[in-house]
Amino acid sequence: MRAKLYRFMAGRYGVDELSRLMLWVVLALFVLSMIFRWGIFSIIAYALIIYMYFRIFSKNIAKRREENLRYLDFRYNAGKKVRAKKERFAQRKYYRFFSCPTCGQTVRVPKGHGKICITCPKCRGEFIKKV
Ligand SMILES: [Zn+2]
C-alpha cells in the first residue's frame with residue numbers, strides 16, 4: 001500500500017505551505033458555515049479542497065513552486081509590520097518613537113533627555129519633542 005502511494009506520488013508536487021494554509025482556511029470555512037448556516041462558505045471550502053488536491057497531485061512542479069514562493073513572499077511582507085511593532089514594544093522602556101512631521105519616517109530617540117530637538121535621519125527636518 002505504501003509502495004503504491006510512493007509510486008503514485010513520484011513526480012508529483014506534494015504538500016507545501018500554501019496547501020497547509022488552504023487546509024486551515026477550509027477548516028475555518030466549515031466552522032463558519034456551521035455557525036452561520038450559509039451555504040456559500042461550504043461551497044468555497046469544497047472548491048478550495050479541490051484546488052488543494054489539484055496542487056498536491058500536480059506534475060507541473062515549477063509552477064506550483066512559484067505559487068508557493070509568491071505566497072511565502074506575501075506572508076513575509078505581511079509579517080514585517082507585526083515584527084516592527086513587536087520590536088518597538090520590546091524597546092519601549094529605553095526609547096520613544098516619533099514619526100517625522102515632514103516625511104513620516106519613524107525616528108527612535110533614547111528616553112530621559114527632556115525636551116530635545118530631533119533631526120530626522122531621512123529628510124534632515126527638525127522637530128522638538130519631550131522624551
Ligand atoms: Zn523626515
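**Worked exercises: from strand S3 to the zinc site**

Thr119 sits in strand S3 (residues 115-119); strands are DSSP runs of E with at least two residues, helices are runs of H or I with at least four, and both are numbered from the N terminus. The model is predicted, so local features need pLDDT of at least 70, side-chain atom pairs count only at pLDDT 80 or more, and totals for chains, interfaces and linings use all residues. Residues are numbered from 1 along each chain as its sequence is written, and side-chain values use heavy atoms, with hydrogens and water left out.

**Exercise 1.** Work out how accessible Thr119 is and what its side chain meets.

*Step 1.* Look up the relative accessible area: Thr119 has 33%, so this residue is partly exposed. (Buried is under 20%, exposed is over 50%, and partly exposed is in between, with a 1.4 Å probe and protein chains only.)

*Step 2.* List the contacts, meaning heavy atoms within 4.5 Å. Leaving out residues up to four places away in sequence, Thr119 touches Arg124, Gly125 and Glu126.

*Step 3.* Pick out the polar one: the side chains of Thr119 and Glu126 are joined by a polar contact of 3.5 Å. (That's a pair of N or O atoms within 3.5 Å; within protein, one must be able to donate a hydrogen and the other to accept it, and residues adjacent in sequence count only if both atoms are side-chain atoms.)

**Exercise 2.** Find the donors of the zinc ion and explain why their arrangement is called tetrahedral.

*Step 1.* Donors are N, O and S atoms within 2.8 Å of the metal (3.2 Å for Na, K and Ca); water isn't among the atoms, so sites may look incomplete. Here the protein donors are the SG atoms of Cys100, Cys103, Cys120 and Cys123, at 2.2 to 2.4 Å from the zinc ion.

*Step 2.* Read the spacing along the chain: C-x2-C-x16-C-x2-C.

*Step 3.* Check the angles. The four donor atoms subtend 106 to 113 degrees around the zinc ion, and that makes the site tetrahedral, a label that needs four donors with all angles between 85 and 135 degrees. For reference, the ideal tetrahedral angle is 109.5 degrees.

*Step 4.* Compare two donors: Cys120 counts as buried because its relative accessibility is 0%, while Cys123, at 34%, counts as partly exposed.

**Exercise 3.** Lay out the largest nonpolar core and say which helix gives the largest share.

*Step 1.* A nonpolar core is a set of buried Ala, Val, Leu, Ile, Met, Phe, Trp, Tyr and Cys residues joined through side-chain atoms within 4.5 Å. The largest one has 10 residues, including Leu18, Leu29, Phe41, Leu48 and Tyr71.

*Step 2.* Sort by helix: H2 (17-36) and H3 each supply at least two residues of this core, and H3 gives the largest share, five.

*Step 3.* Zoom in on Leu29: its contacts, not counting residues up to four places away in sequence, are Phe41, Ile44, Ala45 and Leu48.

*Step 4.* Another core, of eight residues, lies apart from this one, and Cys100 and Cys120 are among its members.

**Exercise 4.** Place Ser19 and find its backbone partner.

*Step 1.* Ser19 belongs to helix H2, and its 3% relative accessibility is why this residue counts as buried.

*Step 2.* The Ser19 side chain reaches the backbone nitrogen of Asp16 at 2.9 Å.

*Step 3.* Beyond four places in sequence, Ser19 touches Met52, Arg55 and Ile56.

Note on methods
Four donors count as tetrahedral if all angles lie between 85 and 135 degrees; four count as square planar and six as octahedral if opposite donors are over 155 degrees apart and all others between 65 and 115; anything else is irregular.
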